[in-house]
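Please open the structure in your viewer and keep the sequence panel beside it. The stops below are meant to be selected one after another.

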Amino acid sequence: MLKKNLLLVLVLFSIFLTGSTNEAEETVFLLGSFENPIIDSDMTYEEAFFGLSAQCPPHIRERQRLITVKYYSFDGKVHQGQLVIDMDLIDDIEFAFSEALKEKFSIHSVIPISHSNFRWNDNLSMTANNTSAFNYRMIAGTQTLSMHARGRAVDINPVQNPYIRGNVRLPANSTYNPNTIGTLTNDNIIVKSLVSRGWTWGGNWTALKDYQHLEKN
Ligand SMILES: [Zn+2]
């Protein structure tokens, strides 16, 4: 009888052990899920605008919002990042990102360009294949304000979606190949979602190609 009870205790104890091990494994396994995304960016509003050019007029800055987005990154896991965008475009961007998440379109990272890795330097952000929107800057090589300066443009996966004008291709580590994951085309879910809401895709321009770029005037 004693032996039987001991056996029962051992069986129950082993069930208890197995149960808790599975639970621990499950928690680790779920990192990178919709409920428990890998956090790529977790800035405060102040951090997102830290170091912003003094030339940025207050009426532009006041329109910018820091929003949180989820996306499948190139590791096949759900990540969470942040984007600074004009207040009128939040709906469009949230729609496009949720559609992209449903279709598991890969986005490398989404981190505001004020981050210490970039310090408002578009080239550093592009080379890191980072997706970003607001940046108070001129169009490269001109004195004309970019649509990014008003938070009305977003650049997606610059390494798969270069800016190409003549012999200039940015970033230097980029290649455009529509068969590579993370590449934008007219059939891509982000392009389709934003174009359906009145955005323009730089991949459809003729004088130059800016495959990473989508804007709404
Ligand atoms: Zn752009």
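The tour goes from the whole chain to one sheet and then to a single loop residue.

This is a predicted model, in which local features need pLDDT of at least 70 and side-chain atom pairs count only at pLDDT 80 or more, whereas totals for chains, interfaces and linings use all residues. Residues are numbered from 1 along each chain as its sequence is written.

Begin with the whole protein, coloured by secondary structure, which comes to 6 helices and 11 strands (DSSP runs numbered from the N terminus, with H or I over at least four residues for helices and E over at least two for strands). Of its 217 residues, 36% count as buried, that is, with 20 or more other C-beta atoms within 10 Å of their own, where 12 or fewer would make a residue exposed and values in between partly exposed, the C-beta atoms being placed from the backbone.

Next select β1 (38–39) and β2 (64–72), the edge strands of an open, mixed sheet of 3 strands in the order β1-β3-β2; strands pair if DSSP finds at least two bridges between them. Add β3 (residues 78–86), which pairs with β1 in the parallel sense over 2 bridges, and look for I39, whose bridge partner in β3 is Q80.

Finally, move to T206, in the loop between β9 (200–201) and β10 (209–210). Is T206 buried or exposed? T206 is exposed, because 5 other C-beta atoms lie within 10 Å. Select R165 as well: its C-alpha atom and that of T206 are separated by 9.8 Å, although the two residues are 41 apart along the chain.
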